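Visitor: I'm new to this structure. Please take me through one part of it slowly: the inside, with its core and the spaces around it.

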Amino acid sequence: MSRIAYVNGWFGPLEEARVSVLDRGFLFADGIYEVSAVLDGRLIDNDAHLARLQRSVGEIDLPLPETLPRIKEIQKQLIAQNDLVDGLVYIQVTRGAAERDFVFPKGVKPTLVMFTMVKDIVNAAAAKTGIAVKTVPDIRWARRDIKSVALLAQVLAKQAAAEAGCQEAWMIEDGAVTEGGSSSAFILTQDDVLVTRQNSNSILPGCTRKAVMALAEERQIRIEERPFTVAEALAAKEAFITSASSFVQPVVKLDGQTIASGTPGPIARRLREIYVEFARATAD
């Protein structure tokens, strides 16, 4: 049975979904995207993702073609029509289709595309074994806080990681880790302090990152929001990433070197358990 996708008011088979060749998302990467997780057929931390969507489109003066409540309705319709139990809902908004010109077109309705993906995030094998990470130079633009569809730098970073037998890339700028190719980066120091880079234009304000930090603080885990180096990560007790598509995932190798015991640490494992509990309890 074909997946059902959504394009500008139309629901239909994914293979029949179409956008114009002149769509500015295709021509200029002039668009914003979001990804929300689904557990047991319900959306996880979705209001945070929709709030970030609204912020991102606002930062590039891109009007949403539908209200946030309507977008949530469409998400739920897609979950129901695709019988999605566990997985992801992808949202993309572009400035729409117009003759190719760098200047914003006038009188053009933005394009809204949405589809689902099946993924068993809770039972992912990598959560039990941990993942390997490769460092790469951070060559992205200066507004990484905007969830832009312009992801070529991340594509190249994650391809380099895959070719090195790794599952994620950590991007390095001025000697410090900014974030992962599609995740936020954390370490736990020998003094049991959780360290992650502070929000700024340099990183995406991760929704899962925010939730995990709040859950950690509730359990009296000390947190420092600051950059950390590769050397600090290699000397850490633990390291892990967070994202909507992986929740909390331990990092056990960095550039071929083992972190601590080379197995998922107790804090990362516990935070993952707590986050899954939170996700199920607050799912919409």
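Guide: What follows is a walk from the core out to the hollows, then on to one loop residue.

This is a predicted model, where local features need pLDDT of at least 70 and side-chain atom pairs count only at pLDDT 80 or more, while totals for chains, interfaces and linings use all residues. Residues are numbered from 1 along each chain as its sequence is written, and side-chain values use heavy atoms, with hydrogens and water left out.

Let's start with the core. A nonpolar core here is a set of buried Ala, Val, Leu, Ile, Met, Phe, Trp, Tyr and Cys residues joined through side-chain atoms within 4.5 Å. Buried means under 20% relative accessible area, exposed over 50%, and partly exposed in between, using a 1.4 Å probe and protein chains only. The largest such core holds 28 residues, and I44, L194, F240, F247, L271 and Y275 have the most contacts inside it. Among the elements giving it two or more residues are strand 3 (31-39), strand 10 (184-188), helix 6 (207-218) and helix 8 (266-282). Those elements are DSSP runs numbered from the N terminus: helices are H or I with at least four residues, strands E with at least two. Helix 8 gives the most to this core, six residues.

Pause at F240. Contact means heavy atoms within 4.5 Å, and beyond its neighbours within four places in sequence, F240 contacts residues including W170, F186, L194, V212, V251 and L271. There's also a second, separate core of 22 residues, with L50, I79, L84 and V93 among them.

Back to helix 8: its buried residues are A268, L271, R272, I274, Y275, V276 and A279. An α-helix has 3.6 residues a turn, so residues three or four places apart point the same way. Helix 6 has its own buried set, including C207, R209, V212 and L215. Just after helix 6 comes Q220, with a positive phi near 60°.

Now the hollows. On a 1 Å grid over the protein atoms alone, a cavity is a set of points where a 1.4 Å probe fits but cannot get out, and a pocket is an open set with protein on both sides within 12 Å along at least five of seven lines; lining residues have an atom within 4 Å of a point. Points are joined across faces, edges and corners, and a volume is the space filled by probe spheres set on them.

By this rule there is one cavity of 30 Å³ or more, and the largest one holds about 30 Å³. Its lining is T178, E179, S184, A185, T196, R197, I203, L204 and R209. Strand 9 (176-180) and strand 10 each give two or more of those residues.

The largest pocket holds about 770 Å³. Of its 39 lining residues, Y33, K147, G181, S182 and L204 are closest to the centre. Helix 5 (152-163) is one of the elements giving two or more residues to that lining, and helix 5 gives the most, with five.

Last stop: Q198, in the loop between strand 11 (193-196) and helix 6. Q198 counts as partly exposed because its relative accessible area is 32%. Leaving out residues up to four places away in sequence, Q198 touches I203, R209, E225, R226 and P227. P227 and Q198 are 29 residues apart in sequence, yet 7.2 Å apart in space, C-alpha to C-alpha.
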